Amino acid sequence: MTRPTGRTTARAGGALLTAALLLAAPLAPTAAAAPAAQLAWGSCPAPTPNANGVPFTRDPRQQCATLRVPRDYHDPAEGTITLTVSRLRTADPAHRRGTLAVVPGGPGGSGLDYPGEMAKLLPPDVLRSYDLIGFDERGVGNSTPVHCDLSAAERDAQLNYPFPGPDGSITANLDQARRVADGCAAASGGYLADVTTANSARDLDRIRAALGLPRISYLGSSYGTYLGQVYATLFPSHTDRVVLDSTVPPGGLEQGFRLFSEGFADSFPALARFVAAQDATLHLGATPEAVRASYLRLAGEVDRDPLPLSGGRLLTGGGLRSVVYASLVKPSYYPLGARVLQLAEERDTTPAQAPATAPTSEGATAAAGPTGAGTGGSGGNPLPQVIPDNFLAAQFAVICGDSAWPRDPAVYAARTAADRARYPLTNGMSGNVWPCAFWHYGPKEPPVRADPDGPRNILMLQNRYDPDTTYNGARQTQRAFGHRAAMVTFDTTAHGVDFTDPRVLAPFTAFLLGGRLPS
């Protein structure tokens, strides 16, 4: 998902369609049937350096191609856009059994180099058996991008995670949401309405057809699991074997965001145990309960009196919460959460030295710990040092175009107040407004929900304590798919399963190589 994702950023809002349009039937899957297209493989676009000027190192075996697809599958007169697709071929073609599309979290993150990243994690038997396919989804990176011309301040995670004011006020969040929605509409216009998960699923089917494949296998992480759900629903006969790692609920990202506070509450105890074990040096509490109390106290203190940081920055309560939330993604980030709490606890009259900034696994900017490839899920993406405007623009477009968000600010005020009482760790963030409340382009079709009518060929891999894609949400998707899906749950706290863990590899490999699903 995103956070922001991922890890996640603010969502933009605007004018919604009439009730009649929202009740219209989804576009027929056959509308995405591809003409006889060919992919001409060659070199890939140059990778983008991070903020420190360090270029990303791409797998030298990777090839790229472009494909023209309809901008609007409802209306071919709107013309076409360009998709950029990547391929990493098996080194053992004699044993190839199929093609596996690999899709990271987001939305908004580039998937072009994801085959090379996943090649570092997937077992050798899987890499011998499958070509890996990646792509920048429509609106993203090298695939006819969108942009919003957002300033650095408007990209700030403390705004794009909609933490309310210290007193629960959402006035500043409403102002931010309106500014972002207006900026995106001015910069990218009506193309925003065509950057949706359903259209990306139709794009994937065009890629499948251009590859000359009757069926394609799929591995999606975080937000990529929702794209996988939509593809498996619109094109069940074109799916081979589908793996969903850390699954979004069946209603899509709007429903997933409503579960963020629950995910925070589920996964915070693991961070609290980590911090408590270092009480001799951190002095934040010797028990998880004491650490939780320290976190709530410190968040309240910097709400009232923000902590000066180096470079003239301030650590607010929302900033502290967003950094702690980012640190819950996986245990190797726990020192990040501990450090920001320690900064707040040891404040003095000199500006504190904050860690460097980086996005969370789905994109929200926060003080960050280690960068580089993770062990799975959207945490397996290389973490760049900045969030380009395109990331947020594409993320907003998908989130706001996939479903109709409430327009009435009072709805968000009431939800935030309820969540503040129920989930004090996030201060009501998950009920608050995203820019979708003011988005200028309403959904062109209803959300595509997981459909039980289709083959039994979906394996779901899920951590029990996931801050971003909760166990609760994954169970909802499993029930929606019915007989089609089997889910394996791991008693682990992290976002994204660990593909180096034998417990994960056993069912994953058995399914991709032999088609065997657990009962």
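**Reading burial, packing and backbone in a predicted model**

Me: Tyr334, Leu336, Gly337, Ala338, Val340, Leu341, Gln342, Leu343 and Ala344 are the buried residues of helix H13. What does buried mean?

Reply: Buried is under 20% relative accessible area, exposed is over 50%, and partly exposed is in between (1.4 Å probe, protein chains only). In H13, nine of the 12 residues are buried, and the helix is mostly covered. This is a predicted model: local features need pLDDT of at least 70, side-chain atom pairs count only at pLDDT 80 or more, and totals for chains, interfaces and linings use all residues. Residues are numbered from 1 along each chain as its sequence is written, and side-chain values use heavy atoms, leaving out hydrogens and water.

Me: Where does H13 run, and what is its reach?

Reply: Helices (H or I, at least four residues) and strands (E, at least two) are DSSP runs, numbered from the N terminus. The expected span is 1.5 Å times one less than the number of residues. H13 covers residues 334-345 and reaches 17 Å from first C-alpha to last, close to the 16 Å expected.

Me: How many residues of H7 are buried?

Reply: 12 of the 12, so H7 is largely enclosed by the rest of the structure. Among them are Tyr223, Gly224, Gln229, Thr233 and Leu234. H7 also reaches 17 Å, close to its expected 16 Å.

Me: At what angle do H6 and H7 pack?

Reply: Fit a line to the C-alpha atoms of each helix over the stretch in contact; angles run from 0 to 180 degrees between N-to-C directions. H6 (residues 197-210) and H7 (residues 223-234) pack at about 70°, with axes 9 Å apart. That makes H6 roughly perpendicular to H7 (65 to 115 degrees; under 35 is roughly parallel, over 145 roughly antiparallel, the rest oblique).

Me: Which residues make that contact?

Reply: Contact means heavy atoms within 4.5 Å. H6 brings Thr197, Ala198, Ser200, Ala201, Arg202, Leu204, Asp205 and Arg208. H7 brings Tyr223, Tyr226, Leu227, Val230, Tyr231 and Leu234.

Me: Is Cys184 buried or exposed?

Reply: Buried, at 0% relative accessible area. Cys184 lies in helix H5 (residues 171-188). Not counting residues up to four places away in sequence, Cys184 touches His147, Cys148, Gly189, Leu192, Phe396 and Trp439. Sequence distance and space are separate readings here. Cys184 and Leu392 are 208 residues apart in sequence, and 9.7 Å apart in space, C-alpha to C-alpha.

Me: Which loop holds Thr196?

Reply: The loop between H5 and H6. Thr196 counts as buried, at 7% relative accessibility. Leaving out residues up to four places away in sequence, Thr196 touches Arg138, Gly401 and Asp402.

Me: Is Ala91 buried or exposed?

Reply: Exposed, with a relative accessible area of 74%. Ala91 sits in the loop between strand E2 (80-88) and strand E3 (98-103). Ala91 and Asp131 are 40 residues apart in sequence and 8.8 Å apart in space, C-alpha to C-alpha.

Me: Which signs of phi and which peptide bonds are most frequent?

Reply: Most residues other than glycine have a negative phi, and most peptide bonds are trans. Now the cases here. Ser222 has phi near 55°, a positive value in a residue other than glycine. Ser222 is in the loop between strand E5 (216-221) and H7, and counts as buried at 0% relative accessibility. Asn427 is not a glycine either, and has a positive phi of about 55°. Asn427 is in the loop between helix H15 (409-422) and strand E11 (458-465), and counts as buried at 7% relative accessibility.

Me: Which peptide bond is cis?

Reply: The one from Gly106 to Pro107, with omega near -5°. Pro107 lies in the loop between E3 and helix H2 (114-119).
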